[in-house]
Amino acid sequence: MTGAVTAASVATVSASGGAVTLGGAVSTTGAISFAGTVDGASPTTAISVTSSGDSVAFGSTVGATSANANGVTINATTAGKTISLGGDVSAANNSNIAFNGDVLITKSASPLVVTSQGNGNITFSNKVDASVAGNDLTLAAGSGVVTLTGNVGSSSTAFGNLVASGTGTFLASGTIKADGVNLNQTNKFATAITFAKAVTATGALNTDGVLVAAAGSAQLTFSDAITVSGTASSSLADIALSSVSGAIKVDGNITGLDSILFLPLQVLSLLVALLPLQVPLLEVALMVAIS
């Protein structure tokens, strides 16, 4: 496809999942479905796919050659319709990735990975859910902003692990309900980390829980409750929050089953609403060095 495509619907079907190269935007009023990989034709090509009245589905990788994906924008904003992602998504250096519409993760064999480079942003404008219990989502940014505007894991299908990394800003405006929430990666957000609504971890493994670490002077903010749910006698999931020199602020209740740890190296302020602190049968370690 060397130019823009406008149609009632678009579908590519191939037994081997044939690759598609886009030379322009794809826009329809009906459903859009790509079975194979989707890429741009050149380093200046932006991948833009829009259905104004139906769903958009990808069966494989979007931005297979990230250098040929000068930004990725997927739009499916009609109520009840979805953007289904069956493969990883990546974009070229300093270009943005945006999903405008409800996202359904259909990749099951391994986590769905969305990768931006340089100062490129990653934005989910609506809710994100799993199609099969345990579907994971990994967001890997450079110095750009990672934004989750809608709820994550709000459907009846259990969401897997939400993992995010980058050196810029992370903002989750909706509720988060997942096996685990892990922002304790090698590249840690250094501008700000904010969870505006309740965060719930439902997994029981030590790789689950709520593990969030900020770099530099980034403030870590939870504006609502943090909960690890399950059975106390079998759960290994921890709540561990840390910042190198920024404030840690939790405005809601903290409910844990195993360990709850605040591990800042140099905390300028620690504002935690610990009343009521609901932590039956668990170890609570508060190691705070205020300089």
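Helices and strands here are DSSP runs, numbered from the N terminus; a strand needs at least two residues and a helix at least four. On that basis, this predicted model holds zero helices and 33 strands.

**Overall picture**

The protein has 291 residues, and buried ones make up 47% of them. Its accessible surface comes to about 11400 Å². Carbon and sulfur atoms account for 54% of that surface. Take the contacts between residues at least 6 apart in sequence: 55% of them join residues at least 24 apart.

**From β17 to β22**

Strand β17 spans residues 137-140 and contains T138. T138 counts as buried because its relative accessibility is 18%, and the cut-off for buried is under 20%. Leaving aside residues up to four places away in sequence, T138 touches P111, L112, V113, V114 and V163.

Strand β19 covers residues 161-165, and four of its five residues are buried. β17 and β19 pair in the parallel sense over four bridges. Within β19, A164 is the bridge partner of L139. β19 also joins β22 (residues 180-183), again in parallel, through three bridges. Here L162 stands opposite V181 of β22.

**An open sheet and another run of pairings**

Four strands form an open sheet, ordered β21-β24-β27-β30, with parallel pairing. β21 (176-178) and β30 (254-255) stand at the edges; each has a single partner strand, so one side of each lacks a neighbour in the sheet. β21 is joined to β24 (residues 199-201) by three bridges. In that pairing, I176 has V199 of β24 as its bridge partner.

β26 takes part in two of the parallel pairings tabulated here, one with β23 and one with β29. The bridge partners add detail. F195 is matched with F222 in β26, and T221 is matched with K249 in β29.

| Parallel pair | Residue ranges | Bridges |
|---|---|---|
| β21 and β24 | β24: residues 199-201 | three bridges |
| β23 and β26 | β23: residues 192-195; β26: residues 219-222 | four bridges |
| β26 and β29 | β29: residues 248-250 | three bridges |

**Aromatic pairs**

How many aromatic pairs does the structure hold? There are five. One of them is F34 with F58: the ring centres lie 5.6 Å apart and the planes meet at 15 degrees, so this pair is stacked. The pair links distant parts of the chain, 24 residues apart. F34 sits in strand β5 (residues 32-34), and F58 in strand β8 (residues 56-58). Buried or exposed, in the case of F34? F34 is buried, with a relative accessible area of 1%. F58 is buried too, at 2%.

The rings of F170 and F189 also have their centres 5.6 Å apart, but their planes stand at 50 degrees, so the pair is tilted. F170 belongs to strand β20 (residues 169-172), while F189 lies in the loop between β22 and β23. These two residues are 19 apart, and the pair links distant parts of the chain. Both F170 and F189 are buried.

Which residues do ring pairs link into a cluster together with F170? They are F189, F195 and F222. F195 and F222 have already appeared as bridge partners, with F222 in β26. The cluster therefore brings ring pairing to two residues that a strand bridge also joins.

Key. Residues numbered from 1 in each chain as written. Predicted model: local features only at pLDDT ≥ 70, side-chain atom pairs only at ≥ 80, totals over all residues. Heavy atoms only, no water. Buried < 20%, exposed > 50% of the residue type's maximum accessible area, 1.4 Å probe, protein only. Contact = heavy atoms within 4.5 Å. Areas by Shrake-Rupley, 256 points an atom, 1.4 Å probe, with all protein chains shown as cover. Phe/Tyr/Trp six-rings, centres within 6.5 Å; stacked < 30°, edge-to-face > 60°.
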